[in-house]
Amino acid sequence: MKSVSVTLKNISKVFKGFEGQDIRAVDDVSFSVKPGEFVTLLGPSGCGKTTTLRMIAGFETPTKGKIMIGEGDVTFTPPWKRDIAMVFQSYGLFPHMSVGNNVAYGLKMRKMDREKIKKQVSEILELVGLKGFEHRPPSSLSGGQQQRVALARALVVEPSVLLFDEPLSNLDVLLREQMRVEIRRIQKQVGITALYVTHDRTEAMTLSDRIIVMNSGKIMQIGTPNEVYEKPESKFVASFMGKIAFFPVEIKAIMEDRVKVAIKGKELVLNKEIEISENLKYVLGCRPEGLYLEAPGKGHIEGKVLTNVYLGNYVESYVKTEFGEVMVKTEAGVSDGFEEGAAVSVAIKEERAKLIPDTQANS
Ligand SMILES: Nc1ncnc2c1ncn2[C@@H]1O[C@H](COP(=O)(O)OP(=O)(O)O)[C@@H](O)[C@H]1O
Ligand SMILES: [Mg+2]
């Protein structure tokens, strides 16, 4: 299958609200998806993900900016001339047609030879794990199977780009996990360029080569799953990617690959993972697994255990501190000494703590 790039240059979309007010759904968004890459737009509800995807598909026209598919400018090209297929949350299958006819639909529209259609449909159904389902009505299939049919129908016309808008949101948790892995496998096998929309960070982490984190119509950060999780460039991205506590820090010294900081006079030496500017304010971000519990006075932040939650291998301790409630995740057995109500000290693993620009304080 051919793979092409998708590029957005300074794309904005402004809708008119009921009272004639401007709704800036997408605000100066630029990014590029490489041929064969799987990129996810991740962000809270209403941040502009669907609008971005619909502009790429051609269902909406940008207010400003340019969209390229491969080398071609498609900003004003109608959807059916874009060589794109889209998979939605609602599967959108034709209920009165068999699975086979649902998948064959796009090929029949293209007036492909009957035998060839039959062969291609059967191949694509095998790819999505529905070999031999040609004659079944969609209503006899489970939600996950129906979503596979929708995926087969999108793939069979051999589009250059595959778009997904929250395709797994209607499925139960176990099926969703299984389908994530399936979608990833199929996309890699076919080698198609894919752009996926979700508000679910685990889904984004599992599927993507790169994640684009959005908020209020803007791109907050673009990076690999590991980069956005481990090197968030803002408190928003840090919190959106997972539980994290923020502590106020003072930068004491910037060295070549280390940074000395202090939380209320207690010093820590961190790896310098991002460029640190003396003119900006930072917070110290600590994920639950980057903290542990110590006896009072021995760690960095004093507190009191509110609750211990036992999760088999791990214990999640919720600790009340002067900087708010902090979650500490330790291996079971490691900090069993700290009962609920006990005074403790939260200690920071220096190699796991990250300096994060305090965007609010800096603006
Ligand atoms: N057709 C429309 N008319 C007016 N406002 C819209 C329209 N489509 C979307 N919006 C608004 O644009 C913003 C972004 O919406 P959307 O792209 O659907 O977000 P997401 O998919 O991230 O949940 C929201 O505030 C939404 O209400
Ligand atoms: Mg949406």
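These questions and answers walk through the ligand site and the salt bridges of a predicted model.

Student: Which element gives the most residues to the shell around ligand 1?
Tutor: Two elements each supply at least two residues of that shell. They are strand E2 (22–33) and helix H1 (49–57). The one that gives the most, with three residues, is H1.

Student: How many residues of the shell around ligand 1 are charged?
Tutor: The shell includes Phe-15, Ile-23, Ser-45, Lys-49 and Thr-51. Five of its residues are nonpolar and five are polar. The number of charged residues is one.

Student: How far does a polar side-chain atom of Thr-51 lie from an oxygen atom of ligand 1?
Tutor: Take other contacts to ligand 1 before that one. A polar backbone atom of Cys-47 is 3.2 Å from an oxygen atom of the ligand. For a polar side-chain atom of Lys-49, the distance to a ligand oxygen is 2.9 Å. For the Thr-51 side chain, it is 2.5 Å.

Student: What share of the accessible area of ligand 1 does the protein cover?
Tutor: On its own, ligand 1 has 560 Å² of accessible area. The share covered by the protein is 61%.

Student: Is Asp-27 buried or exposed?
Tutor: Asp-27 forms a salt bridge with Lys-218, with the closest N and O atoms 3.0 Å apart. The pair links strand E2 to strand E10, 191 residues apart in the chain. Lys-218 is partly exposed, at 41% relative accessible area. Asp-27 has 18%, and the cut-off is under 20%, so Asp-27 is buried.

Student: What separates Glu-123 and Lys-119 in helix H3?
Tutor: These two residues form a salt bridge, with the closest N and O atoms 3.2 Å apart. Glu-123 is partly exposed at 45% relative accessibility, while Lys-119 is exposed at 55%. They sit four residues apart in the helix, so the separation is about one helical turn.

Student: Which residue forms a salt bridge with Lys-235?
Tutor: Lys-235 is in helix H8, and its partner is in the loop between strand E21 and helix H9, 123 residues apart. Lys-235 counts as partly exposed at 23% relative accessibility, and the partner counts as buried at 13%. The closest N and O atoms are 3.9 Å apart, and the partner is Asp-358.

Student: Which residues do salt bridges that share partners join into one network?
Tutor: Side chains of opposite charge can pair when their charged atoms come close. The structure holds 20 salt bridges. The network joined by shared partners consists of Lys-13, Arg-54 and Glu-60.

Notes
Residues are numbered from 1 along each chain as its sequence is written. Chains are lettered from A and ligands numbered from 1 in the order in which they are written. This is a predicted model: local features need pLDDT of at least 70, side-chain atom pairs count only at pLDDT 80 or more; totals for chains, interfaces and linings use all residues. Side-chain values use heavy atoms; hydrogens and water are left out. A residue is near a molecule or strand if one of its heavy atoms lies within 4 Å of it. A polar contact is a pair of N or O atoms within 3.5 Å; within protein, one must be able to donate a hydrogen and the other to accept it, and residues adjacent in sequence count only if both atoms are side-chain atoms. Accessible areas come from the Shrake-Rupley method with a 1.4 Å probe; for residues, only the protein chains shown count as cover. Ala, Val, Leu, Ile, Met, Phe, Trp, Tyr, Cys and Pro count as nonpolar, Asp, Glu, Lys and Arg as charged, and the others, Gly among them, as polar. A salt bridge is a side-chain nitrogen of Lys or Arg within 4 Å of a carboxyl oxygen of Asp or Glu. Buried means under 20% relative accessible area, exposed over 50%, partly exposed in between (1.4 Å probe, protein chains only).
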